[in-house]
Amino acid sequence: MAMAALRREGRRFAISPNPIAAVRSSIFPAEEQAPLGVRSISTQIVRNRMKSVKSIQKITKAMKMVAASKLRAIQSKAENSRGLWQPFTALLGDSPSVKVKKDVIVTISSDKGLCGGINSTSVKISKALNKLTAGPDKETKYVILGEKAKAQLIRDSKKDIELNITELQKNPLNYAQVSVIADDILKNVEYDALRVVFNKFQSVVSFLPTVSTVLSPEVVEKESEAGGKLGDLDSYEVEGGETKSEILQNLTEFQFSCVLFNGVMENACSEQGARMSAMDSSSRNAGEMLDRLTLTYNRTRQASITTELIEIISGASALEG
């Protein structure tokens, strides 16, 4: 009668068929969890997880060291490259507000990932520039340097991509290499203004999204004649057989190659600094996960030992009784 009453009372409650599953640890994936009915997680599973986390931590630490060595090699070149474009800015100016019909946005990014959000930042700035310069009688095109910006811009701006150049850092960066790329861009792209988007290196943990504008010789001459203040160009006199148009043509081409070289070097520095920060964070996260797994492993092993001792003592007591 007591059992019958208990069964009647039991019908009134909704009892979960697997109450243990609701409180199982989220550290382990489903394929590594011990089956229901087992007292504790297998120590072998925990050891395998600890081994894989240690391997990941070694990789991230090695990548951080490689990024640090590359950063030291590139940083001095980037700082020296700033002296190339600054005289041109003083001479021809940097006027992003000049209205032109044909804008070309040169987006500089990296070919490899695992470097934080520097590539996403460059793409966001490029898209914002595209919206600002868009108009019914205006045309905006992209020139992409690097694989990562291409992968993002090709999704919704494939028809606007005029030129794509990758594997910039396959060989050590130098001015001769970048000047060839600049010459290739100038020969294959029609433009009134070139807007170079890159990340300016400030420190290992900080970079500044930057836009440098290079106007075509025709726009520079037109703005100069209209009385626009572009730079100190009007304070100089032209001597020799070359005309002002020819001098402007040479100056703007050289200016673009210098600005592009500085942008590539600054972005390479920012990439390595961001990769150092990302790998440092990954190493610390792996260390924290390893601490949690070690604690879980020790608790599991202790529970297993305690269970075995209880079984031994219970068996000995049963034999004595």
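## Overall layout

Helices here are DSSP runs of H or I with at least four residues, and strands are runs of E with at least two. On that basis, this predicted model has seven helices and five strands. If you walk along the sequence, you meet them in the pattern α-α-β-α-β-α-β-α-β-β-α-α.

The chain has 321 residues, and 36% of them are buried. Among contacts with a separation of 6 or more, 74% link residues that are 24 or more positions apart. On the outside, the chain exposes about 19,100 Å², with carbon and sulfur atoms supplying 55% of that area.

## The largest nonpolar core

Let's look inside next. In soluble globular proteins, nonpolar side chains tend to be buried together. The largest nonpolar core in this model has 35 residues, and Val-106, Leu-145, Ile-185, Phe-256 and Leu-260 have the most contacts inside it. Several elements give two or more residues each: helices H2 (43-92), H5 (175-188) and H7, together with strands S1 (102-108), S2 (139-145), S3 (161-165) and S4 (193-203). The largest share, nine residues, comes from H7.

Leu-260 is a handy residue to click on. Setting aside neighbours within four places in sequence, Leu-260 is in contact with Val-106, Ile-108 and Leu-145, and also with Val-178, Ile-181, Ala-182, Ile-185 and Val-196.

## A second core

There is also a second, separate core, made of twelve residues. Phe-88, Leu-91, Ala-193 and Leu-251 are among them.

## Two residues of helix H7

Helix H7 spans residues 244-320 and holds Ile-312; Thr-296 lies in helix H7 as well. Is Thr-296 buried or exposed? Its relative accessibility is 18%, and the cut-off for buried is under 20%, so Thr-296 counts as buried. A polar atom of the Thr-296 side chain lies 2.9 Å from the backbone oxygen of Arg-292.

Ile-312 has a relative accessible area of 57%; because exposed means over 50%, Ile-312 is exposed.

## A nonpolar surface patch

Which residues form a nonpolar patch on the surface? They are Ile-305, Leu-309, Ile-312 and Ile-313, and together they have about 400 Å² of accessible area. Ile-312, described above as exposed, is thus a good place to start when you look for this patch in the structure.

Definitions and conventions:
Residues are numbered from 1 along each chain as its sequence is written. This is a predicted model: local features need pLDDT of at least 70, side-chain atom pairs count only at pLDDT 80 or more; totals for chains, interfaces and linings use all residues. Side-chain values use heavy atoms; hydrogens and water are left out. Buried means under 20% relative accessible area, exposed over 50%, partly exposed in between (1.4 Å probe, protein chains only). Contact means heavy atoms within 4.5 Å. Accessible areas come from the Shrake-Rupley method with a 1.4 Å probe; for residues, only the protein chains shown count as cover. Patches are made of residues with over 30% relative accessible area and no salt bridge: like charges are joined within 9 Å, nonpolar side chains (Val, Leu, Ile, Met, Phe, Trp, Tyr) within 5 Å. A salt bridge is a side-chain nitrogen of Lys or Arg within 4 Å of a carboxyl oxygen of Asp or Glu. A nonpolar core is a set of buried Ala, Val, Leu, Ile, Met, Phe, Trp, Tyr and Cys residues joined through side-chain atoms within 4.5 Å. A polar contact is a pair of N or O atoms within 3.5 Å; within protein, one must be able to donate a hydrogen and the other to accept it, and residues adjacent in sequence count only if both atoms are side-chain atoms.
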